[in-house]
Amino acid sequence: MSSTTYCTKCKRTPHPGSQFKKCSRCRMAAYCSKKCQMVHWDVHGEICVPCSPNEVWGIRITVKNSNSTRTWKPLEYFQHELLSSNHPIFSRGESCPVTKRVGVPLIIYSTRLHGEGGTAGLNETSGKPRLRVEDSDGFAPPSWQKCEGPGECIVVREDGKPLTRELLEALYSFIVDLMAYPGITNEAWASWQGLLAPSVWQMYARKYYQAQNNAGRLGFDDFFPLVD
Ligand SMILES: [Zn+2]
Ligand SMILES: [Zn+2]
């Protein structure tokens, strides 16, 4: 897997020819020092499980109370979940065009919309689809619009890289901001579609991570796109 080319916590890279030590339990994370490893444990501990090659970390999004009017705090709704390659998300899930356009290709699986014998139900937070919107107009497909009521969905990266709750939170925030952009109705100086680019997302995410990090939230160390 990835993560050996830089420290998972501080993103430092090792001297040429040398390598940082990997977490001995999961072999996924790597750290430049014991200090970085310890500081990062509160974040990493949740997903520090030995994975087999046919497993990947996804996230389950759960809505506990759709009528809740309190401010949405995404991390409360996101739970890490280890998915094996025979999970139905890989055969019946739908890809999310907007996230794909910005370079984070996600597949979304709704336990009610795609699950066996499930009744129709909306599966994203606050009763509105966010991730599964079309890149042409920002609308959810008809099958999603027809659904009502809370439900659950699972998301995973199509490229097999692990998905973190922090990344998903930043993506949600990005899409919500895109929706509020006047360009979606052709009244702005730039087209909405022009914003669906990896560079725009990366600038947005970097700032988002920085703001959360400044607010003292763990897990929002400097954002950068994982290239390996
Ligand atoms: Zn470090
Ligand atoms: Zn680990």
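**Two zinc sites and helix 1**

Me: Which spacing do the donors of the zinc ion (ligand 2) follow along the chain?

Reply: This is a predicted model, in which local features need pLDDT of at least 70 and side-chain atom pairs count only at pLDDT 80 or more, while totals for chains, interfaces and linings use all residues. Residues are numbered from 1 along each chain as its sequence is written, chains are lettered from A and ligands numbered from 1 in the order written, and side-chain values use heavy atoms, without hydrogens or water. The protein donors (N, O and S atoms within 2.8 Å of the metal, 3.2 Å for Na, K and Ca) are Cys 23 (SG), Cys 26 (SG), His 44 (NE2) and Cys 48 (SG), 2.0 to 2.4 Å from the ion. Their spacing along the chain is C-x2-C-x17-H-x3-C.

Me: What geometry has the site of the zinc ion (ligand 2)?

Reply: Four donors count as tetrahedral if all angles lie between 85 and 135 degrees. Here the angles among the four donor atoms are 100 to 119°, and the site is tetrahedral.

Me: Are His 44 and Cys 48 buried or exposed?

Reply: Buried means under 20% relative accessible area, exposed over 50%, and partly exposed in between (1.4 Å probe, protein chains only). By that cut-off, His 44 and Cys 48 are both buried.

Me: Which residues of helix 1 are buried?

Reply: Helix 1 spans residues 34-44; helices (H or I, at least four residues) and strands (E, at least two) are DSSP runs. Its outward face carries the exposed residues Lys 34, Lys 35, Met 38 and Asp 42. The buried ones are Cys 36, His 40, Val 43 and His 44.

Me: Why do the buried residues line one face of helix 1?

Reply: An α-helix has 3.6 residues a turn, so residues three or four places apart point the same way. Looking down the axis of helix 1, with directions taken from the axis to the C-beta atoms, its buried residues line one face because they fall within an arc of 70°.

Me: Which elements are included in what covers the buried residues of helix 1?

Reply: Contact means heavy atoms within 4.5 Å. The cover of these buried residues includes strand 2 (30-31) and helix 5 (165-180).

Me: How many residues apart are Cys 7 and Cys 32?

Reply: Cys 7, Cys 10, Cys 32 and Cys 36 each give an SG donor to the zinc ion (ligand 1) at 2.3 Å. Cys 7 lies in the segment before strand 1 (21-22), and Cys 32 in the loop between strand 2 and helix 1. Cys 7 is buried at 0% relative accessible area, whereas Cys 32 is partly exposed at 22%. The pair links distant parts of the chain, and its separation in residues is 25.

Key. Four donors count as tetrahedral if all angles lie between 85 and 135 degrees; four count as square planar and six as octahedral if opposite donors are over 155 degrees apart and all others between 65 and 115; anything else is irregular.
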